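Student: Could you take me through a single part of this model in detail? I would like to follow one helix closely, with the terms spelled out as they arise.

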Amino acid sequence: MKIEDIFQTYKECIMPTYNKVPFIFVKGKGSWLWDIKGKAYLDFFPGWGVGGLGHCHPKVMQGVRDQISKLIFIPNNYYHPFQAKLAKELITLSFPGKVFFANSGAEANEAAIKLARKFGASAKLCADGEPGRIISQGRYEVITFENAFHGRTMAALAATGQKKYQAGFEPIPEGFKQVKFNDLAAVKQAITGKTVAVMLELVQGEGGINIAEKDFVLGLRKICDQQNLLLIVDEVQTGFGRTGKMFAYQNYGIIPDVITLAKALAGGLPMGVMIAKKELSDILTPGMHASTFGGGPVVCRAALGVLKAMQKEKILHNCQNMGKYLSEKLTFLKNTCPVIKEIRGVGLMFGLELNIEGKQIVQEAANRGLLINCTHDHVLRLMPALNVTKKEIDKAISILKSVLKAYSA
Ligand SMILES: Cc1ncc(COP(=O)(O)O)c(C=O)c1O
């Protein structure tokens, strides 16, 4: 297809649900992408968080190739060795419990919401209580936070709670209450006899890289314990090393009751996962929840490839080191570019709050060969691959500086 035919076909045949940038990418490797004309771009926002290991990591490709030659799909009423292996590895990396496999972040969150509701609706669930004790009957409300993002399906959208995403899709499912982020008093005030869970991102990604404070998170854990509420941590964007630990909650010394994962998990293939702690892990029984494609053999092999690469290539270590390096470079950039108001970040997840709109900066950086993102209108978001090198960071900073300088005069 010719370039103009591709653009035209999109116009005619694909729903316009995305703000698109007119680039056509055909090849990727690590932190680099190549467009249809062969021009190289440094990707500092690979796959919107999917590219934890950048594009086309060899360990992911090897697993996928091997699996495709043997068995592409097997439904979930049968068993598969690699689904078992992946589940075991995920549990080993997180906490004792069980996993549910889905295909996306929103689906993983839907599963977590359903689990919470079932927990709240059931009479005899808590294995750690006296057998048969009614602990949690008739509760369904989930407390979430302002500027959260949990996905676009209806319950995830309700949990997201932002009017700009909800407008036009009313009635929004009930049972969700948004309160101010990092405000424990607001959470306490919002809890009623109907509350069953608190759900949050420890670093709000779409919300502009807002980091949960340690005391807030410890306080949440305590409140949830005291009031028998589930603490659900959405690790869709923060999971798999993004914050320098395998999961963001590990930075806080707490263990959630439920976590949800997606994005970087399967190296570019669609996979979502919910992990629930042991006491909750048999709440959803046959027929209550399902996903036809969830945890298929090919994506499981891809995810196992990601985990293998993370271990063999000491990816967490690189993320911590390169995170520090990028943080220093960004601080220096801020000192020379007054257009940057604030830098927020952890691991390799950074937001640069500007005092102007970021859209134009993103476009200009892309024209010069650097791909980044803008969220919340004013926040430039940088989430490079966790195996990014110093040389790549230097190049990205140099491009960013050349763009921002023009706005800082
Ligand atoms: C924190 C968080 N949760 C959920 C989602 C939704 O994931 P998906 O687009 O895979 O449904 C996203 C997507 O950006 C996210 O950042």
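Tutor: What follows is a close look at helix α11. This is a predicted model, in which local features need pLDDT of at least 70 and side-chain atom pairs count only at pLDDT 80 or more, while totals for chains, interfaces and linings use all residues. Residues are numbered from 1 along each chain as its sequence is written.

Helices here are DSSP runs of H or I with at least four residues, strands are runs of E with at least two, and both are numbered from the N terminus. Helix α11 spans residues 359-367, and its buried residues are Ile 361, Val 362 and Ala 365 (buried means that 20 or more other C-beta atoms lie within 10 Å of the residue's own, exposed that 12 or fewer do, and partly exposed falls in between, with C-beta atoms placed from the backbone). These residues lie on the same side of α11 because they cover an arc of only 100° around the axis, the arc being that of the directions from the helix axis to the C-beta atoms. An α-helix has 3.6 residues a turn, so residues three or four places apart point the same way. On the face turned away from the buried side, α11 carries the exposed residues Gln 360 and Asn 367.

As for partners, the buried residues of α11 pack against β15 (370-371), β16 (373-375), β17 and α12 (390-405), where two residues are in contact if their C-beta atoms, placed from the backbone, lie within 7 Å. After α11 comes Gly 369, which has a positive phi, near 100°.
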